[in-house]
Amino acid sequence: MSDALRQYFGALFQWSVELILAVPLTREPPLMGHIVAVLRPAALAAEPGRNLEEPEAAAAAAAADTPVGLNTVGLLLDRLSILAIKHWNLVHRTGSAARAAELQTGPVREMIEALAAAQPGHSSYNSKITVHGGRPAAASFVAAYRGLLITNLLLWEAQEVLYNHDLTRLPDGELRKYVSFFSENNLTRNAFMEDADRLFWARRRSGPAG
């Protein structure tokens, strides 16, 4: 297990928290119109206080007899991004700084360890079968992870509306917007997970053994 990778994924989590802070989220969950018209463009334009470098190139040291299961880099990054979003919510929506700190010393730390020890797997097998076209592939690992984080953030905000509002009071047209939004963004999320996994291993295999 690489200490450099532990440090990288730890920095990735902090970068995620900073990017979320740069998005104009509100204490009250927003409705779909605000998510699409305001939050999405703001998230796409948001810049955290620091630049995030590509992971250091190094040869993958996969053991042929090591089972991966669902713990691919793409799926672990998906969970890491959600933990960063949960951290923001604990601090800024529920005022639970102590729980946010416990999140970092517990689940976040475990996720970083899992990412540092991850081996190549088959993340594409988890994709949904669909007739809908996808978006262009990400050009870099950082771009793929950034897209995954932003997509999960928008999905979280949309889910907050469903959890905290009386759905029976929403007009049918508004509900259809949510169904369309979740369908589109879940496919995008899966594509970014695949891109992040593919680009992580492609970059590592391109470097010297370490």
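Biologist: Is methionine 193 buried or exposed?

Modeller: This is a predicted model, where local features need pLDDT of at least 70, side-chain atom pairs count only at pLDDT 80 or more, and totals for chains, interfaces and linings use all residues. Residues are numbered from 1 along each chain as its sequence is written, and side-chain values use heavy atoms, leaving out hydrogens and water. Buried means under 20% relative accessible area, exposed over 50%, and partly exposed in between (1.4 Å probe, protein chains only). Methionine 193 has a relative accessible area of 8%, so it is buried.

Biologist: Which residues does methionine 193 touch, not counting residues up to four places away in sequence?

Modeller: Happy to help! A contact means heavy atoms within 4.5 Å. With that cut-off, methionine 193 touches Gly74, Leu75, Asp78 and Leu148.

Biologist: Where does methionine 193 lie?

Modeller: Helices (H or I, at least four residues) and strands (E, at least two) are DSSP runs, numbered from the N terminus. Methionine 193 belongs to the run covering residues 172–206, which is helix H6.

Biologist: How many residues of H3 are buried?

Modeller: Helix H3 spans residues 73–92 and reaches 29 Å from its first C-alpha to its last, close to the expected 28 Å (1.5 Å times one less than its number of residues). H3 is mostly covered, and of its 20 residues the number buried is 15.

Biologist: What pattern does the chain follow along the sequence?

Modeller: Good one to finish on! The chain has 6 helices and 0 strands. Read along the sequence, that gives α-α-α-α-α-α.
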